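Me: Could you walk me through the ligand site and the empty space in this protein?

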Amino acid sequence: MTAFCASPGALRIVGLGPGLAAWITPEASSVLEGASDLVGYAPYLDRLPLRDGQTRHPSDNRVELERARHALRLAQEGRSVAIVSGGDPGVFAMAAAVFEAIDLGDPAWRDIDIAVCPGISAMQAAAARIGAPLGHDFCAISLSDNRKPWALVEKRLAAAAVGDFVIALYNPASKARPTQIHDAFALLRAHRVGAAPVIFARAVGREDERIHLATLDNADPGLADMSTLVIIGSSETRIIARESGAPFIYTPRGAGAFT
Ligand SMILES: C[S@@+](CC[C@H](N)C(=O)[O-])C[C@H]1O[C@@H](n2cnc3c(N)ncnc32)[C@H](O)[C@@H]1O
């Protein structure tokens with residue numbers, strides 16, 4: 001299958017995984033190697049090896065739609081374009097921005113040869129570090145209110161808590177949004193048992209990786225920053241204590257009457 005080569009006039013939306021080079025898929029590596037132009041948030045482009053003849057188009061974090069339009073215009077000009085995202089490009093990332101740009105933009109963009117190359121998302125990498133906390137029903141919620149009202153975040157958090165989902169929190173905090181993670185924890189504590197395991201997985205797959213375990217009642221939400229993925233267990237998520245090292249955390253495959 002050759003559909004994923006970055007051929008002239010094509011655009012590939014490529015997931016780089018959360019940080020570890022070995023977690024980049026062979027497909028993504030091959031597309032990145034063959035592209036004439038790499039488009040993306042500057043720190044993500046910095047993670048990639050330089051190749052002669054390849055042009056880089058770094059941009060700031062907050063300009064996703066403009067970045068997507070730039071990549072589409074380059075493909076329209078006949079370049080072989082790869083636009084990159086951390087993690088999976090379809091999870092709170094560039095794939096949706098590219099399709100939004102197509103939806104709202106030049107009708108000719110609909111006929112560009114476009115494909116998405118998946119990557120390992122932060123929640124998968126974080127879960128793998130500690131066991132299998134996403135082993136049964138879970139949901140992912142971004143705490144960023146840059147493009148949605150905070151009231152909607154609260155509504156979704158409450159629904160997830162009432163539904164007893166394991167919850168993966170993306171974008172838990174930033175310098176501009178230091179307090180929302182505290183509000184989110186207060187809301188979850190009102191709905192969920194305090195013994196639920198909480199995992200703060202910071203910079204997973206990078207040199208400064210740090211995994212911190214807590215329970216909902218004693219967790220310090222201030223541990224989360226913009227490089228952290230937070231997982232909050234359901235009432236069924238369990239901790240296996242070990243003499244020899246960090247505990248395993250998992251959510252059993254059976255729930256309710258099937259446990
Ligand atoms: C804009 S979202 C991008 C998510 C990405 N597309 C993915 O699939 O992981 C950025 C958020 O992802 C999470 N994240 C990304 N990389 C991470 C890593 N290496 N370790 C922990 N969390 C990470 C953090 O919550 C961060 O604020």
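Me: Which residues come nearest to the ligand?

Reply: This is a predicted model, in which local features need pLDDT of at least 70, side-chain atom pairs count only at pLDDT 80 or more, and totals for chains, interfaces and linings use all residues. Residues are numbered from 1 along each chain as its sequence is written, and side-chain values use heavy atoms, leaving out hydrogens and water. A residue counts as near if one of its heavy atoms lies within 4 Å of the ligand. Of the 20 residues around the ligand, those that come nearest are Val91, Ser121, Ala122, Met226 and Thr228.

Me: Happy to follow so far. How far is the side chain of Ser121 from an oxygen atom of the ligand?

Reply: Polar contacts here are pairs of N or O atoms within 3.5 Å. Backbone N or O atoms also take part: one of Pro18 lies 3.0 Å from a ligand nitrogen atom, and one of Asp88 lies 2.9 Å from a ligand oxygen atom. For an N or O atom in the Ser121 side chain and an oxygen atom of the ligand, the distance is 2.6 Å.

Me: What share of the ligand's exposed area does the protein bury?

Reply: Accessible areas come from the Shrake-Rupley method with a 1.4 Å probe. Taken alone, the ligand exposes 570 Å². The part of that buried by the protein is 90%.

Me: And how do the residues of the shell around the ligand divide?

Reply: Ala, Val, Leu, Ile, Met, Phe, Trp, Tyr, Cys and Pro count as nonpolar, Asp, Glu, Lys and Arg as charged, and the others, Gly among them, as polar. On that basis the shell divides into 12 nonpolar, six polar and two charged.

Notes:
Polar contact = N/O pair within 3.5 Å; in protein donor to acceptor, adjacent residues only side chain to side chain.
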